[in-house]
Amino acid sequence: MKINHLGIATKGIDEALEFWQDALGLENVHTETVEDQKVRVAMLPIGESRIELLEPTSDDSPISKFLEKRGPGIHHIAIEVEDIEASLNTLKEKGMRLIDEKPRTGAEGCLVAFIHPSSTKGVLLELVQSVKA
Ligand code: CO
């Protein structure tokens, strides 16, 4: 396993890029709207991993709700797994609370599923299975 990305909730990607890209020097290599999650995302590689900037595309986006409650900041950690279905089954067998029982399609066509913070001791965790070419 490895860290695929760190998800950061922002009010606006362009404003956040003023820090992450312009000041810090990371490069925004991919921007995409994920309709299913009502977010626009920007991906900035850093080593083997990425910073994922998230911007809500509507008032009922999960990111809108997060921003209202907590303000901008770290939203989730995403761990890359080989077989997301197997990982979900294992976690379920161990009594962990899944937000997604079945994988959904995330940014860049990856399969993703979220694990509830009540099971991870406070961290919203995303599992990611990359689509291999
Ligand atoms: Co993510």
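In the predicted model, helix α3 (residues 84-93) is capped at its N-terminal end by Asp83, a side-chain oxygen of which lies 3.2 Å from the backbone nitrogen of Glu85. The buried residues of α3 are Ile84, Ser87 and Leu88. These residues lie on the same side of α3, because they cover an arc of only 100° around the axis. Strands β7 (111-115) and β8 (125-129) are among the elements that cover them. Just after the helix, Gly95 adopts a positive phi of about 85°.

The strands that cover α3 belong to an open sheet. The sheet consists of 8 strands in the order β2-β3-β4-β1-β5-β8-β7-β6, and its pairing is mixed. Its edges are formed by β2 and β6 (104-105), each of which pairs on one side only. Strands of a sheet pair through backbone hydrogen bonds, either parallel or antiparallel.

At the β2 edge, strand β2 (residues 30-34) is paired with strand β3 (residues 39-46) in the antiparallel sense through 5 bridges. Within this pair, His30 is placed opposite Met43 of β3. The two strands form a hairpin with 4 residues between them, in which Lys38 has a positive phi near 55°. Strand β3 is also joined to strand β4 (residues 49-56), and this antiparallel pairing comprises 8 bridges. Arg40 has Glu55 of β4 as its bridge partner. The hairpin of β3 and β4 has 2 residues between the strands, and Gly47 in its turn shows a positive phi of about 60°. Further along the sheet, β1 and strand β5 (residues 73-80) run antiparallel and are joined by 7 bridges. In this pairing, Gly7 stands opposite His76 of β5.

A cobalt ion is bound by side chains from several of these strands. Its protein donors are His5 (NE2), Glu52 (OE), His76 (NE2) and Glu126 (OE), which lie 2.1 to 2.3 Å from the ion. The angles among the 4 donor atoms range from 83 to 169°, and the site is irregular. Along the chain, the donors follow the spacing H-x46-E-x23-H-x49-E. Glu52 is located in strand β4 and Glu126 in strand β8, so this pair ties together parts that are 74 residues apart in sequence.

Three of the donor residues were examined for burial. With a relative accessible area of 3%, His5 is buried. Glu52 is likewise buried, at a relative accessible area of 5%. Glu126 also counts as buried, its relative accessibility being 4%. These assignments follow because buried residues are those under 20% relative accessible area.

His5 is found in strand β1 (residues 2-9). The side chains of His5 and His76 are joined by a polar contact of 3.3 Å. Not counting residues up to four places away in sequence, His5 touches the other donor residues Glu52, His76 and Glu126. The contacts of His5 also include Met43, Ser49, Arg50, Ile77, Ala78 and Val128. Met43, one of these contacts, is the residue of β3 opposite His30, and His76 is the residue of β5 opposite Gly7.

Notes: Residues numbered from 1 in each chain as written. Predicted model: local features only at pLDDT ≥ 70, side-chain atom pairs only at ≥ 80, totals over all residues. Heavy atoms only, no water. Pairing = 2+ DSSP bridges. Buried < 20%, exposed > 50% of the residue type's maximum accessible area, 1.4 Å probe, protein only. Polar contact = N/O pair within 3.5 Å; in protein donor to acceptor, adjacent residues only side chain to side chain. Contact = heavy atoms within 4.5 Å. Arc of directions from axis to C-beta. Donors = N, O, S within 2.8 Å, 3.2 Å for Na, K, Ca; no water. Tetrahedral: all angles 85-135°; square planar, octahedral: opposite > 155°, others 65-115°.
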